[in-house]
Amino acid sequence: MSNSGHPKDRGERRGLMLVISSPSGAGKTTLARKLMEEFSDIRLSVSATTRPPRPGEKDGIDYHFKTVEEFRTMIRNREFLEWALVFDNLYGTPRADTEALLSDGHDVLFDVDWQGADALHDQMPRDVVSVFILPPSIDALQARLAARPGSTDEVVDRRMRDAKAEMRHWRRYDYAIVNDDLEVAYQRLKRILLVERLKRLRQLSLEDHVRKLMGEA
Ligand SMILES: Nc1ncnc2c1ncn2[C@@H]1O[C@H](COP(=O)(O)OP(=O)(O)OP(=O)(O)O)[C@@H](O)[C@H]1O
Ligand SMILES: Nc1nc2c(ncn2[C@@H]2O[C@H](COP(=O)(O)O)[C@@H](O)[C@H]2O)c(=O)[nH]1
């Protein structure tokens, strides 16, 4: 069932930025997709990348696939809110798309590495809610990476080598979830979204209320 969470949500508040990171293969894309299936008003930030598409990935939907030259031009034109080198490829969050979605009241999901999460938090601390997804075990992480379409031993080895470096940053996040049973992990992520929405709505309505109490409205 599609559900916006709060029927009168959009328009009453600026959207929040739900930033999700994990070691590659821990399941953040899977969890993000589930959230968007249930909450039709959430939008995914579509990053630009210089990595080639995986089987089934579509330009403009999964990523904006760019050449290195095109990506470098976008950096020079300050088109990214943040960008980073991850696994030898460049990835960046488009600035204009994000700002338009947030001011329109959409909550926006960001699937970025720890560098992206740090940069987004530094730039927009009031908007960002960050969640780190941990795998249940190293073996499970490896199996998930290996089972992914288009996966090769080389790609799996590289991502496994970098997994520990990514996991070292988990404490910097507002929340952390172990993605063992997908449904349990999903319910936790959903609760985080609902609580953070409530906090922001409450702040807004109390600000109006206090203004009236003070005779300022
Ligand atoms: N709880 C789970 N149990 C078993 N398999 C899972 C679970 N969550 C995700 N998977 C599977 O693990 C694989 C990796 O998941 P996913 O692509 O979502 O990871 P990711 O963290 O987004 O990786 P990347 O950072 O490389 O994009 C997928 O094949 C997905 O179906
Ligand atoms: N800092 C950023 N990291 C990003 C962005 N988009 C994706 N990512 C991260 O890259 C890795 C690899 O992703 P994959 O799709 O090639 O498996 C993963 O950790 C993503 O979270 C971005 O715009 N900025």
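**A lysine, two ligands and a four-stranded sheet**

Lys-28 counts as buried because 23 C-beta neighbours lie inside 10 Å, and a residue needs 20 or more to be placed in that class. The model described here is a predicted one, and Lys-28 makes a good starting point for a walk through it. This lysine lies in helix H1. Setting aside residues up to four places away in sequence, Lys-28 touches Ile-20, Ser-21, Ser-22, Asp-111 and Ile-133.

Lys-28 also appears in a database record. The unreviewed UniProt entry carries the annotation "binding site" for Ser-22, Pro-23, Ser-24, Gly-25, Ala-26, Gly-27, Lys-28 and Thr-29. Another residue of this annotated stretch, Ala-26, is found in the loop between strand S1 (17–21) and H1. Ala-26 has 27 C-beta neighbours inside 10 Å and therefore counts as buried. Leaving aside its neighbours within four places in sequence, Ala-26 is in contact with Ile-133, Leu-134, Pro-135, Leu-141 and Asn-179. Ile-133 thus appears in the contacts of Lys-28 and in those of Ala-26.

The surroundings of the ligands come next. Ligand 1 is surrounded by 14 residues, and the closest are Ser-24, Gly-27, Thr-29, Thr-30 and Arg-144. Two or more residues of this shell are given by each of helix H1 (28–38), helix H5 (138–147) and helix H7 (182–213). Which of the elements gives the largest share of the shell around ligand 1? That element is H1, with three residues. By residue type, the shell around ligand 1 divides into four nonpolar, seven polar and three charged residues. Ser-24, Gly-27 and Thr-29, named among the closest residues to ligand 1, are also covered by the "binding site" annotation from UniProt.

Around ligand 2 there are 16 residues, and Ser-47, Ala-84, Tyr-91, Val-112 and Gly-116 are the closest. Here the elements that give two or more residues to the shell are strand S5 (80–86), strand S6 (89–94) and helix H4 (114–123). The shell around ligand 2 is made of five nonpolar, seven polar and four charged residues.

Strands S5 and S6 lead on to the sheet. As a reminder, the strands of a sheet pair through backbone hydrogen bonds, either parallel or antiparallel. In this model, an open sheet of four strands follows the order S4-S3-S6-S5, with mixed pairing. Strand S4 (64–65) and S5 stand at the edges with a single partner strand each, so one side of each is left without a neighbour in the sheet. Strand S3 (residues 48–49) is joined to S6 by two bridges, and these strands run antiparallel. In this pairing, Ala-48 stands opposite Gly-92 in S6. Two helices pack on the sheet. Helix H2 (residues 68–76) touches S3, S5 and S6, and its direction makes about 40° with that of S6. Helix H3 (residues 95–103) touches S5 and S6, and its direction makes about 35° with that of S6.

How many bridges join S5 to S6? There are six, and the two strands run antiparallel. Among the pairs, Val-86 stands opposite Asn-89 in S6, while Phe-80 has Pro-94 as its bridge partner in S6. S5 and S6 form a hairpin with two residues between them.

Finally, two residues deserve a look for their backbone angles. Most residues other than glycine have a negative phi. Phe-87, in the turn of the hairpin, has a positive phi of about 50°. Is Phe-87 buried, exposed or partly exposed? With 13 other C-beta atoms within 10 Å, Phe-87 is partly exposed. Arg-78 also has a positive phi, near 55°, and lies in the loop between H2 and S5. Only 8 other C-beta atoms lie within 10 Å of Arg-78, so this arginine is exposed; 12 or fewer are needed for that class.

Technical notes
Residues numbered from 1 in each chain as written. Chains lettered and ligands numbered in written order. Predicted model: local features only at pLDDT ≥ 70, side-chain atom pairs only at ≥ 80, totals over all residues. Near = placed C-beta within 6 Å. Nonpolar A, V, L, I, M, F, W, Y, C, P; charged D, E, K, R; others polar. Pairing = 2+ DSSP bridges. Contact = placed C-beta atoms within 7 Å. Axes fitted to C-alpha atoms, helices over the stretch in contact; angles between N-to-C directions. UniProt positions renumbered as here; feature names shortened; annotations may be inferred.
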